[in-house]
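Welcome! Please have a look at the sequence and the 3D picture, then work through the exercises below at your own pace.

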Amino acid sequence: MSETLIMREHLLSLHFRLLGLLAGWLAVALPAHAVAGLHQAVADVTPEIQAMFRALGSLGEVALGGGLLVAALSFWPHWHGTDRPAWQRFAAVFGLFGAAAIFLAGIPAMQRATDMEPGVHGVPSLLLLIAMFVLFLAIHRKEGEPRHVDASRAETGFALVASGWIAFLVILVAVPIACAWSLVWNRGGSGWGGLFGGLESLVSARYWSLGCLAGGGACGSAVNSIVLGMLVATLAGLLGAALALFVHRAGSAVRRSVAVLACLPMITPPFLVGFGLAQLFGKAGLVSLMLETVFGVTSTRWFFGGYGVAMAQIFAFFPLAYFMALHALDSLGRAQIDAAKYLGASNADVLRTLVFPVLRDPLAVAMLVIFVESLSDVGNPLVIGGKLRVLPAELFYSSSSELAANAMTGVPALLLVVIALAMTALKDNVARRPAISEMEAPSGEPGRCDLPRTLSWLSGVLLVATALVLIGVYAAIGVGAFSEGGKVFAPFTLDNFSRGFGFTLTAGGIELTGSAWDSLLASLWCALLASLAGGAAGMLMVWTLGKVGKPSARFVGNLSSYFFSIPSVVIGAGFMLAFGSLGFSELGAWFMIVLAILIRNLSICLRFGAIAMSRLDRAQIEMSGLLGASSATTFLRVATPTLRPVFVVCVAYGFIRSMTTLGSVLLLSSAENQVATTFMIDRIGIGEFGVGMAYGVVLAGCIAAVLSGGWLLMSAHRHLPGWGQVMADLKAAIVLAEKNGVRGVAR
Amino acid sequence: MGGKRVSRLVAAVFLGWLVVAGPVCAQTRRINVICSVQIEWCELVKKAYQQATGVRMAVIHRSSIEALALLMAERKNPRTDVWFGGTGDPHLQAAEQGLTVAYRSRQFDDLQPWAQAQAKRGAFRTVGLYSGALGIAYNPEQIRRLGVEAPRCWRDLVRPEFERQVMMGNPTSSGTGYLILSALTQLFGEDGAFAYMKKLHRNVAQYTHGGRGSIENVVRGEASVAIGFMHDAITAQERGAKLAFTLPCEGAPAEIGSLSLVAGGANAVEAREFYEWALSPEAQTLARQASAFQWSSNARVSGVAGLPTADMSGIIEYDHRRFGSSEVRKRLLTRWVNEVNAPGNE
């Protein structure tokens, strides 16, 4: 098949997927409004929350009805030729979503109800159980095979795990988003009035104004977010590619030091990069002051606003593009380049016809991932955003004030979700195209392509500039941590550390007097738990999907990939909306935080699970069974040694991501549950710059310490690795995690 | 071989410490506090109170509006026992919604009249803890470089020379920000205030996440003028920052930082003990160690040299009752979000 044909097919499928998203949304939205009009009877404590739950209830009824309808359609005789089980799975998920929504909507009634009213508790719970059972049946059934009564027990177990997984995702991701969704529409008005009001607020100028382009006013926050995302994705992608082109040809010393530099933004929260940049380029920043004293350039406030946020995000997210591009370049065969050269191709020709095609797809994937990262980054707009309005910041401000139960929370959340889903559909499409580098036979020797002189110069200059800026950023933070008030030229002090991480030695042991200890320990705990659970869940799910049959596996994989592309800040806000009103105990609140972090990591865990499984040697496992080993022994003696390295890398990468995440936990933290990032942004927000910087240093130290501790215990080498080794592993982890997205799982 | 074993041992000990360090901290008597004053003060209160009583205290720092949102979210199962500090209106609002419980302190008669008035307004569900005035803080050096006169009045801040030079708290997330909004409403009437805020928006460089962040940014030189509290400015001056403060000529409102007991908290006894401690002269004198230069609510706290006296000439009596109500708050905030901080107004 020619490439254009493949392209056309992909584009078509992309259109279908986007249209499907839209159609599904409308299919639930419109009838839900008709039903919502009927739910006007109750009015209680807070009308907004009440309206939200009412809307959620009507949403659930409509979704459940829709599910039943789809299920009935699949039994219709005329539909004989089509893919019936796929429709049944679709119907089951719809039904599960509906049942979960009804269950959640019933909770206020349940809290009021006495034990004597069984219907209030019973009916929603029963609905939920039935929906889960239907889902289980739909997944259990394999296509093309008649259903056996005596299906083996092992497969039943796997189908149960798979349906449980889908239920987990639907309840924890889809229902919270439905809560945000219902906030947009039902503001206490009647069904149809709410619909028009909702539509109005979805397209309001607050989000979509183009004032900054047309002149006369600023742009809306959605426009800002999209433009910022596109700018950051493009520039970070280009920067990463340019650096990779340069480093690719350079010696191992350059390669290693650039890898170290590029890894720094990955082990610190993104807003710390922005904060560090502000120390350099802010009005009172080092670079601005230098320019002013040396060249007499008056320093301005250009940094605080769109430019600063864009710059911070570029430096925080370019390593992804860099590693992906470097990986693609390294996979380029030498034979091809040599042949091209022999046939008289110039350096520029080689670049145009060989290198760029290889770079294209990985870079596109990296750019789309960066776009979504930029879209959900709430830290940088809060710290250095000036008056820039972007969607995540609007979501944060409106959920932390009284406007919370309002369309002002719902609309940014919904817009974020829609944009992120569209980007994921696009990314999946790119990732599914056959990679060109995979089509050729791998050659032992890596190819080295020389660059045309101008490009070589340009990328060299870019490399030096990037290195200087990154060194400057981390130096400013490192020095600021030991200076009074976080200023670089202030006198040396340990005050920042003693305030945050002070301790006294008493007779009873060490007493931790610093204010940051609680959040640091909590963060370590949550990150360890989330990354271990995520790693285990990833392995388990991929193993399970291998056993439930290909169509079901593909279905589960695709569904998961869409769920996981929801921006983390929306997950946090959705959790607060959906479960906050239940009133959690302290332990429950921690549970929510760990869950939010876990959900953010699961996509990567699935990807790692797929890699781990692909490495298992089936023959070995079968042989072990034949020789009489029990399955536990087989797992311990045969599977574990193969799985361990991948598991370790997965947990390590998950740990780093968990320690540095802000969006998913910002709205969930409370009196006894602060984590490191929320504590830091709190301090920076009130002008405690020094303590924030000291925390950054300690956080990086902690991540390094835990990673090397884990390494010593788990890795095959059992010695502290050199920097090169660590970086190589991290690079491999990043490339593996992001290359194909979750879709690789189902293959 | 030996090296391997040692390094494994080190790693095991480290991970073991992580495992043990969490649970070990648990003690019997504990109290959870939301703290809405400066972070140093919060930390000092925590340290001093833990040392004095042995009660383990968990402190979370939240701006007063975030704190109120938290209490509302936790209504069914409160995880907090005491709300320490923060502007008075959110406290009154919490009282109005029954999020806090009525309690009359044993030291009630020792308190300043404004602190007692706050308690009466909130039906004893809250009480005044400290008071501070709102005004204009500026960096004289920056003002000189801008070549303009130092701001004296609210109306000076909307002059075109101050374009992108003013910082203030974001009213939706910071109590100070809301106080500015409501005080201007009280001074100029609602429409007048919004006309002013719209003009001011052009001069604002950033609405900071917490109110005090704006003053710290002016200290660093990122902006020239901040709207904020006098005591925050004095704190910065004490540290040696070049910062001037003025009470606006049209009038400046004063906040009444408050203290409330959360309804349904798990540690009610400890909470009441802490409440009494927080109102005692000793605890209130302590605030100055943390460079918190608010006027104390306990009348037995002696004035300290260098602390400005409560000169009430430029101070307007801020209408707590009106601006503390949910309805007004919601209307003002919605209006601010839709009219002032909106794409059409830039």
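The exercises that follow go from the two chains together to single residues.

The model is predicted, so local features need pLDDT of at least 70 and side-chain atom pairs count only at pLDDT 80 or more, while totals for chains, interfaces and linings use all residues. Residues are numbered from 1 along each chain as its sequence is written, chains are lettered from A and ligands numbered from 1 in the order in which they are written, and side-chain values use heavy atoms, with hydrogens and water left out.

**Exercise 1. Describe how chain B and chain A meet.**

Step 1: Start with contact, which means heavy atoms within 4.5 Å. On chain B, 74 residues are in contact with 73 residues of chain A.

Step 2: Turn to buried area, the accessible area (1.4 Å probe) that two parts lose on being put together, summed over both. For chain B and chain A this comes to about 6300 Å², with 52% of it on carbon and sulfur atoms.

Step 3: Look for salt bridges (a side-chain nitrogen of Lys or Arg within 4 Å of a carboxyl oxygen of Asp or Glu). Between chain B and chain A there are 4 salt bridges. One of them joins the side chains of A:Glu292 and B:Arg145, at 2.9 Å from N to O.

Step 4: Ask which helix of chain B gives the most to the side that touches chain A. Helices (H or I, at least four residues) and strands (E, at least two) are DSSP runs, numbered from the N terminus. The answer is helix α1 (residues 2-24) of chain B, with 12 residues.

**Exercise 2. Find out how covered helix α3 of chain B is.**

Step 1: Fix the terms: buried means under 20% relative accessible area, exposed over 50%, and partly exposed in between (1.4 Å probe, protein chains only).

Step 2: Count along α3 (residues 64-73) of chain B: 7 of its 10 residues are buried, and the helix is mostly covered.

Step 3: Name some of them. Among the buried residues of α3(B) are B:Ile65, B:Leu68 and B:Leu71.

**Exercise 3. Place A:Gly276 within chain A.**

Step 1: Begin with the whole chain. Chain A has 32 helices and 2 strands, and 57% of its 747 residues count as buried.

Step 2: Locate the residue: A:Gly276 lies in helix α12 (residues 270-281) of chain A.

Step 3: Is A:Gly276 buried or exposed? A:Gly276 counts as buried because its relative accessibility is 0%.

Step 4: List its partners. Apart from neighbours within four places in sequence, A:Gly276 is in contact with A:Val473, A:Ala476 and A:Ile477. A:Gly276 and A:Ile477 are 201 residues apart in sequence, yet 5.9 Å apart in space, C-alpha to C-alpha.

**Exercise 4. Examine two residues of chain B with positive phi.**

Step 1: Recall the background: most residues other than glycine have a negative phi.

Step 2: Take B:Ala123, whose phi is near 50°, a positive value in a residue other than glycine. B:Ala123 lies in the loop between α5 (113-121) and β5 (126-138) of chain B. With a relative accessible area of 46%, B:Ala123 is partly exposed.

Step 3: Take B:Arg164, with phi also near 50° and positive in a residue other than glycine. B:Arg164 is found in the loop between α6 (140-146) and β6 (166-169) of chain B. Its relative accessible area is 31%, so B:Arg164 is partly exposed.
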